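Take a look at the sequence and the fold before reading on. The walk below goes from the whole chain down to single residues.

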Amino acid sequence: RIPRTYRYRVTDPGLRQALFLARAHARLIRPGLAEIKSTASHASPLRRRLDAFTDAVHRYVDDVHLAA
């Protein structure tokens, strides 16, 4: 924080982290979510892996009797 103000100074590591997260969102997360959400993507590898992961989580919850 800059003294006597309501402003902050961005550190070099903080700027690098912010840039990494912005790029990861633009290049990985947004396209991946679009692929998963697409109705034509039921055959895509990403969608199949997400479905398998979801099934595994449901089986685990059932096995340990967790409330959903």
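What does the accessible surface of the chain come to, and what percentage of it belongs to carbon and sulfur atoms? The total is about 6500 Å². Carbon and sulfur atoms hold 61% of that area. Keep in mind that this is a predicted model.

Next, the overall shape. The C-alpha trace spans about 55 × 35 × 20 Å along its principal axes. The radius of gyration of the chain is 20 Å. For a compact globule of 68 residues, a value near 11 Å would be expected. Burial is the next thing to check. Of the 68 residues, 12% count as buried. The cut-off for that label is under 20% relative accessible area.

Now the secondary structure. The chain has two helices and zero strands. Helix α1 covers residues 12–37. Helix α2 covers residues 45–63, which makes 19 residues. From its first C-alpha to its last, α2 reaches 27 Å. That is close to the 27 Å expected at 1.5 Å a residue.

Start at the N-terminal side with R4. This residue sits in the segment before α1. R4 is not a glycine, yet it has a positive phi of about 60 degrees. Is R4 buried or exposed? R4 counts as exposed because its relative accessibility is 83%, and the cut-off for exposed is over 50%.

Move on into α1. L15 belongs to this helix. Its relative accessibility is 43%, so L15 counts as partly exposed. L15 also takes part in a nonpolar surface patch, together with V10 and L19. The patch measures about 270 Å². A general point about helices helps here. An α-helix has 3.6 residues a turn, so residues three or four places apart point the same way.

R23 is another residue of α1. Its relative accessibility of 48% is why R23 counts as partly exposed. Which distance separates the C-alpha atoms of R23 and T39? They are 26 Å apart, with the two positions 16 residues apart along the chain as the separation.

Finish past the second helix. Just after α2 comes H65. H65 takes a positive phi of about 60 degrees. R4, in the segment before α1, also has a positive phi of about 60 degrees.

Conventions:
Residues numbered from 1 in each chain as written. Predicted model: local features only at pLDDT ≥ 70, side-chain atom pairs only at ≥ 80, totals over all residues. Heavy atoms only, no water. Patch = residues over 30% accessible without salt bridge, like charges linked within 9 Å, V, L, I, M, F, W, Y side chains within 5 Å. Areas by Shrake-Rupley, 256 points an atom, 1.4 Å probe, with all protein chains shown as cover. Salt bridge = Lys/Arg side-chain N within 4 Å of Asp/Glu carboxyl O. Helix = DSSP H or I, 4+ residues; strand = E, 2+ residues; numbered from the N terminus. Buried < 20%, exposed > 50% of the residue type's maximum accessible area, 1.4 Å probe, protein only. Expected span 1.5 Å × (residues − 1). Rg over C-alpha atoms; globule rule 2.2 N^0.38 Å.
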